[in-house]
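Please open the model in your viewer and keep the sequence beside it, so that each stop of this tour can be selected in turn.

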Amino acid sequence: MPVSAAETARRRPEPCRRRRWAGRTTKRAIDVVGAVVLLLLVAPVLLAAVIAVRVDTPGSALFRQRRTGWRGKEFQVLKLRTMQVGSEELRAALVVRNEADGRLFKIREDPRVTPVGRWLRRYSLDELPQLANVLMGHMSLVGPRPLPVEDSVFTGDARRRLLVRPGLTGLWQIGGRSDLAWEDALRLDLEYVDTWSVRKDLAILARTLPVVLRGDGAY
């Protein structure tokens, strides 16, 4: 029996949904396996960094901050502490020195950053604890960077950042990092959301290491 045009239209989306499901499943598998392998590889570096932070300044080696993630769900992002204890309370006094725009806050010579913290930031070692966030499903290895809760009230197209899990790295990180204006960073994030694929994720991961080793746009 011939299939009507209406029936064909109803059936057509099914393969697309299956491909999307298969892609998300593969992405999650890469996240879990990749995070485990990376944690094993960087464990000595991470331990040395934790000790350096504790010796450098008093306080916990880990810094936790609420961020907005997939579908607007909040989670606690993990980082090695790179600033003095109580640095969040000092931010208001430094607003006039902000060198970023939009919803970003960046100061190239931020006085709150500790000596060890400056070194950790240059090579993105402060981000290593977020591999635990990846294992817990809060984040992905690749995706838009998670922004602090108070800076994440997006409207319009910007809300599309929340359609995928935030990532350790992404087009923003390999395309300029802190040197990018907010509008450029947002454009790259939305490009990723609209065109992501497993192949693109692998390409971004491959390009991340050279960027990190050069310290491009990191401060």
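Helices here are DSSP runs of H or I with at least four residues, strands are runs of E with at least two, and both are numbered from the N terminus. What you have on screen is a predicted model.

**The whole chain**

Begin with the protein chain coloured by secondary structure, where 8 helices and 4 strands can be found. Following the chain from the N terminus, you should meet these elements in the order α-α-β-β-α-α-α-β-β-α-α-α. If you then switch to a surface view, the accessible surface amounts to about 12300 Å², and carbon and sulfur atoms hold 61% of that area. Of the 219 residues in the chain, 43% count as buried. Among contacts with a separation of 6 or more, 67% join residues that are 24 or more positions apart.

**Arginine 71**

Next, select strand 1 (62-68) and strand 2 (74-80), and then the loop between them, where arginine 71 lies. The backbone of arginine 71 has a positive phi of about 60 degrees, although this residue is not a glycine. For comparison, most residues other than glycine have a negative phi. Is arginine 71 buried or exposed? With a relative accessible area of 61%, arginine 71 is exposed, since that label applies over 50%.

**Helix 4 and serine 124**

Move on to helix 4 (115-122), and show the side chains of Val116, Leu120 and Arg121 together with Gly117, which are buried residues of this helix. Looking down the axis of helix 4, you will find its buried residues within an arc of 135 degrees, so they line one face of the helix.

Just after helix 4 comes serine 124, with a positive phi of about 60 degrees; the residue sits in the loop that leads to helix 5 (130-135). Serine 124, like arginine 71, is not a glycine. Serine 124 is buried, however, because its relative accessible area is 14%, and buried means under 20%.

**The cavity**

For the last stop, look inside the structure, where a search finds 1 cavity of 30 Å³ or more. How much space lies in the largest cavity? The volume is about 40 Å³. To see what surrounds this space, select Thr68, Gly69, Pro144, Arg145, Pro146, Leu147, Arg161, Leu162, Val164 and Pro166, which line the largest cavity. Colouring that selection by class will show 6 nonpolar, 2 polar and 2 charged residues in the lining.

Methods: Residues are numbered from 1 along each chain as its sequence is written. This is a predicted model: local features need pLDDT of at least 70, side-chain atom pairs count only at pLDDT 80 or more; totals for chains, interfaces and linings use all residues. Side-chain values use heavy atoms; hydrogens and water are left out. Buried means under 20% relative accessible area, exposed over 50%, partly exposed in between (1.4 Å probe, protein chains only). Contact means heavy atoms within 4.5 Å. Accessible areas come from the Shrake-Rupley method with a 1.4 Å probe; for residues, only the protein chains shown count as cover. On a 1 Å grid over the protein atoms alone, a cavity is a set of points where a 1.4 Å probe fits but cannot get out, and a pocket is an open set with protein on both sides within 12 Å along at least five of seven lines; lining residues have an atom within 4 Å of a point. Grid points are joined across faces, edges and corners, and a volume is the space filled by probe spheres set on the points. Ala, Val, Leu, Ile, Met, Phe, Trp, Tyr, Cys and Pro count as nonpolar, Asp, Glu, Lys and Arg as charged, and the others, Gly among them, as polar. The arc is that of the directions from the helix axis to the C-beta atoms.
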